[in-house]
Amino acid sequence: MAFWSSTSIFTSKVPRKILFMFTLSLSVTYLFYSLMSCYNSLQFPLQENYAYQGRLVTEETTFVTLREKLYSASQGLTEFTEAERTTAVSTVKDHAEAEQRTVEWIRTQASPTKSATGYHNTAVEKEHQEFSTTDSELRVNCTMDYGEKKLPQAIIIGVKKGGTRALLEALRVHPDVRAVGNEPHFFDRNYEKGLDWYRDLMPSTLEGQITMEKTPSYFVTNHAPKRIHSMARDIKLIIVVRNPVTRAISDYTQTLSKKPEIPTFEVLAFKNRTLGLIDASWSALRIGIYALHLESWMQYFPLSQMHFVSGERLIVDPAGEMAKVQDFLGLKRIVTDKHFYFNKTKGFPCLKKPEDSSTPRCLGKSKGRTHPKIDPDVIRRLHKFYKPFNMMFYQMTGQNFEWELEGDNESRSSQD
């Protein structure tokens, strides 16, 4: 009762006009501070524009720093797990969406008049948004979605079961190499889809990086040389070759794992086993006639644009073969013996991080299959069949791969 009585006394003594003026002044003050806050918000794009221009001025310095980081990171096999990659991409998307909402809010607050200044600010906001998003992607995973998609400057064109996957995986360790993981088969199966489709398969690259792909069947495809030459006359071609007898057995082993019902190797290799007539039309054997296929490529490309990798030496001395490949591609020798560890179980090298003792990363289960036992007489006859073609191949390439010296050792080989 005391409270209500004191209130009634106060309202009776204070004129209502004074209360009205006091309330109005408070409202005007609040409105003034609100307008000032809105004004500061509208200055945000201009302030950010200055910061953005400053970042553009230092763009060249940023690229230099990026290159240095790429080289330092390349000393190990820096990889993202699927969970990390998903988290990183999600973070980038969230950042982009947040900036998009900010820009849209600013546009709704700004004046709708389409003056020259308005158009300029809108363009600056869009440019800033794109630059910021790209910068976030760079922080997440270097060149994951940054750069430009280009047609390949180098292709591993062969040969099947020669060691092309091992070579590609080793090359992908290099920071200046960006390669497609899967085989595009563009020049033999998908050529009608066009170069734009082919280019879109390629990873994005920065200036100075090489775009690569591998499709071993190109080497034995008749129209592949002409098609690749039409795309890029100065392209570099890499061919991994292996003893054709071992390669044929490895090819058969792969097919056998998929189709267990196929005939034996001996049955497929001969037209007439008694007469010793070898069936050179069987693809597993025909691929190994390297001189025949190389002749088609030499009609369009000089030997200076081709590099031949020994599949055998790639196993026993991977660092040595990688040094030659890096020289051929004009790359700094970054992939060295520190990146390899020989796996005695599988019978070939695995990639590892040179700076730590983590588990080496080996090729999949499809590599290193146990070969079926082949009649030694069949292997001897195949060596005899391939010898003249091998001699011709040595002469054409100027390299002696010494497959004839393996002889009996090849017949005792049991690993892919």
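This passage walks through the nonpolar cores, a covered helix, the salt bridges, a surface patch and an annotated site of a predicted model.

A good place to begin is the interior. In soluble globular proteins, nonpolar side chains tend to be buried together. The largest nonpolar core of this model is made of 32 residues. Within this core, Ile157, Phe187, Tyr218, Ile228, Trp297 and Phe393 have the most contacts. At least two core residues come from each of strand 2 (154-158), helix 9 (224-231), strand 6 (236-241), helix 13 (290-298), strand 9 (306-310) and helix 16. Helix 13 gives the largest share, with 4 residues. Ile228 offers a helpful view of how such a core is put together. With neighbours within four places in sequence left aside, Ile228 touches Ile155, Ile157, Phe187, Tyr218, Ile235, Leu237, Trp297 and Phe301. Another core, of 24 residues, lies apart from the largest one, and its members include Ile210, Met212, Leu329 and Leu351.

Helix 7 is a friendly example of a mostly covered element. This helix spans residues 164-171, and 6 of its 8 residues are buried. The buried ones are Thr164, Leu167, Leu168, Glu169, Ala170 and Leu171. Glu169 counts as buried because its relative accessibility is 13%, under the 20% cut-off. Glu169 also takes part in a salt bridge with Arg172, where the closest N and O atoms are 3.4 Å apart. Its partner Arg172 is partly exposed, at a relative accessible area of 38%.

That pair leads on to the other charged contacts. Side chains of opposite charge can pair when their charged atoms come close. The structure holds 13 salt bridges. One of them joins Lys214 to Glu183, with 2.6 Å between the closest N and O atoms. Lys214 lies in strand 5 (residues 210-214), while Glu183 sits in the loop between strand 3 (177-179) and helix 8 (195-201), so this pair ties together parts that are 31 residues apart in sequence. The two partners are covered to different degrees: Lys214 counts as buried at 3% relative accessibility, whereas Glu183 is partly exposed at 32%. Asp327 and Arg333 also meet through their side chains, in a salt bridge of 2.4 Å from N to O. Asp327 is partly exposed, with a relative accessible area of 41%. Salt bridges can also join up into a network, as they do for Lys160, Arg247 and Asp251.

The surface has a nonpolar feature of its own. Phe20, Met21, Leu24 and Val28 form a nonpolar patch there, with about 420 Å² of accessible area together. Met21, one of these residues, belongs to helix 2 (residues 16-42). Met21 counts as exposed because its relative accessibility is 52%, over the 50% cut-off.

Finally, the database record adds a layer of annotation. An unreviewed UniProt entry carries a "binding site" annotation that covers Lys161, Gly162, Gly163, Thr164, Arg165, Arg242, Ser250, Lys367, Gly368, Arg369, Thr370 and His371. Thr164, listed in that annotation, is also among the buried residues of helix 7. Thr370, likewise listed, is found in the loop between strand 11 (348-351) and helix 16 (376-397). Thr370 is exposed, with a relative accessible area of 56%. The annotation therefore takes in both a buried residue, Thr164, and an exposed one, Thr370.

Note on methods. Residues numbered from 1 in each chain as written. Predicted model: local features only at pLDDT ≥ 70, side-chain atom pairs only at ≥ 80, totals over all residues. Heavy atoms only, no water. UniProt positions renumbered as here; feature names shortened; annotations may be inferred. Buried < 20%, exposed > 50% of the residue type's maximum accessible area, 1.4 Å probe, protein only. Core = buried A, V, L, I, M, F, W, Y, C linked by side-chain atoms within 4.5 Å. Contact = heavy atoms within 4.5 Å. Salt bridge = Lys/Arg side-chain N within 4 Å of Asp/Glu carboxyl O. Patch = residues over 30% accessible without salt bridge, like charges linked within 9 Å, V, L, I, M, F, W, Y side chains within 5 Å. Areas by Shrake-Rupley, 256 points an atom, 1.4 Å probe, with all protein chains shown as cover.
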